[in-house]
Amino acid sequence: MPGLAAYIGFNNLCSAKEGDVVYVSSAAGGVGQLVGQFAKMKGCYVVGSASTDEKVHLLKSQLGFDDAFNYKQGNDLAGALKR
C-alpha cells in the first residue's frame with residue numbers, strides 16, 4: 001500500500017520535472033522514503049524532514065536525499081527549507 005500511495009501521489013498528482021526541488025515531509029516513513037526515491041529517479045533535488053537526527057542521517061546516507069533536517073529542532077520551517 002505505501003508503494004502505491006507514493007507512486008500515484010508523486011507520478012499522477014505531482015508535476016515535478018528534472019531539476020525541480022522536491023520537499024518530502026515525514027521523509028523517513030514508508031511513503032516518504034519512496035517519494036524521495038521517485039523524485040531522485042526523475043532528477044530532482046530532494047529535501048526531506050524527519051523527527052530525529054538518526055532518521056535525518058538515514059535519509060542522507062542510505063536513501064540518497066540531497067539534504068534533510070530534523071523538524072523538531074527549531075520552529076522555522078521556511079528558514080530550514082531556504083537553507
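Is D20 buried or partly exposed, judged by its relative accessible area? In this predicted model, D20 has a relative accessible area of 24%. D20 is therefore partly exposed, since the buried class ends under 20%. Its salt-bridge partner is K17, with the closest N and O atoms 3.8 Å apart. K17 has a relative accessible area of 53% and is exposed. The limit for that class is over 50%.

Side chains of opposite charge can pair when their charged atoms come close. The count of salt bridges in the model comes to three. One of them is the pair of D20 and K17. A second joins D66 and K40, at 2.9 Å from N to O. This pair links distant parts of the chain, 26 residues apart. D66 sits in the loop between helix 3 (53–61) and strand 3 (67–70). K40 belongs to helix 2 (residues 30–41). Both ends are partly exposed: D66 has a relative accessible area of 31%, and K40 has 30%.

A further salt bridge is formed by K60 and D67. Here the closest N and O atoms are 3.9 Å apart. K60 is partly exposed, at 44% relative accessible area. D67 is partly exposed as well, at 25%.

Nonpolar side chains also appear on the surface. M1, L4, Y7 and I8 form a nonpolar patch there. Together these residues offer about 460 Å² of accessible area. M1 lies in the segment before helix 1 (2–13). M1 has a relative accessibility of 78% and so counts as exposed.

Attention now turns to the empty space. Rolling a probe the size of a water molecule over the atoms shows where such space is left. The largest pocket holds about 280 Å³ of space. Its lining has 17 residues, and the closest to the pocket centre are F69, N70, Q73, A80 and R83. Several elements contribute to this lining. Strand 2 (45–50), helix 3, strand 3 and helix 4 (77–82) each supply at least two residues. The largest share comes from strand 3, with four residues. By residue class, the lining divides into nine nonpolar, four polar and four charged residues.

Key:
Residues are numbered from 1 along each chain as its sequence is written. This is a predicted model: local features need pLDDT of at least 70, side-chain atom pairs count only at pLDDT 80 or more; totals for chains, interfaces and linings use all residues. Side-chain values use heavy atoms; hydrogens and water are left out. Patches are made of residues with over 30% relative accessible area and no salt bridge: like charges are joined within 9 Å, nonpolar side chains (Val, Leu, Ile, Met, Phe, Trp, Tyr) within 5 Å. Accessible areas come from the Shrake-Rupley method with a 1.4 Å probe; for residues, only the protein chains shown count as cover. A salt bridge is a side-chain nitrogen of Lys or Arg within 4 Å of a carboxyl oxygen of Asp or Glu. Buried means under 20% relative accessible area, exposed over 50%, partly exposed in between (1.4 Å probe, protein chains only). On a 1 Å grid over the protein atoms alone, a cavity is a set of points where a 1.4 Å probe fits but cannot get out, and a pocket is an open set with protein on both sides within 12 Å along at least five of seven lines; lining residues have an atom within 4 Å of a point. Grid points are joined across faces, edges and corners, and a volume is the space filled by probe spheres set on the points. Ala, Val, Leu, Ile, Met, Phe, Trp, Tyr, Cys and Pro count as nonpolar, Asp, Glu, Lys and Arg as charged, and the others, Gly among them, as polar.
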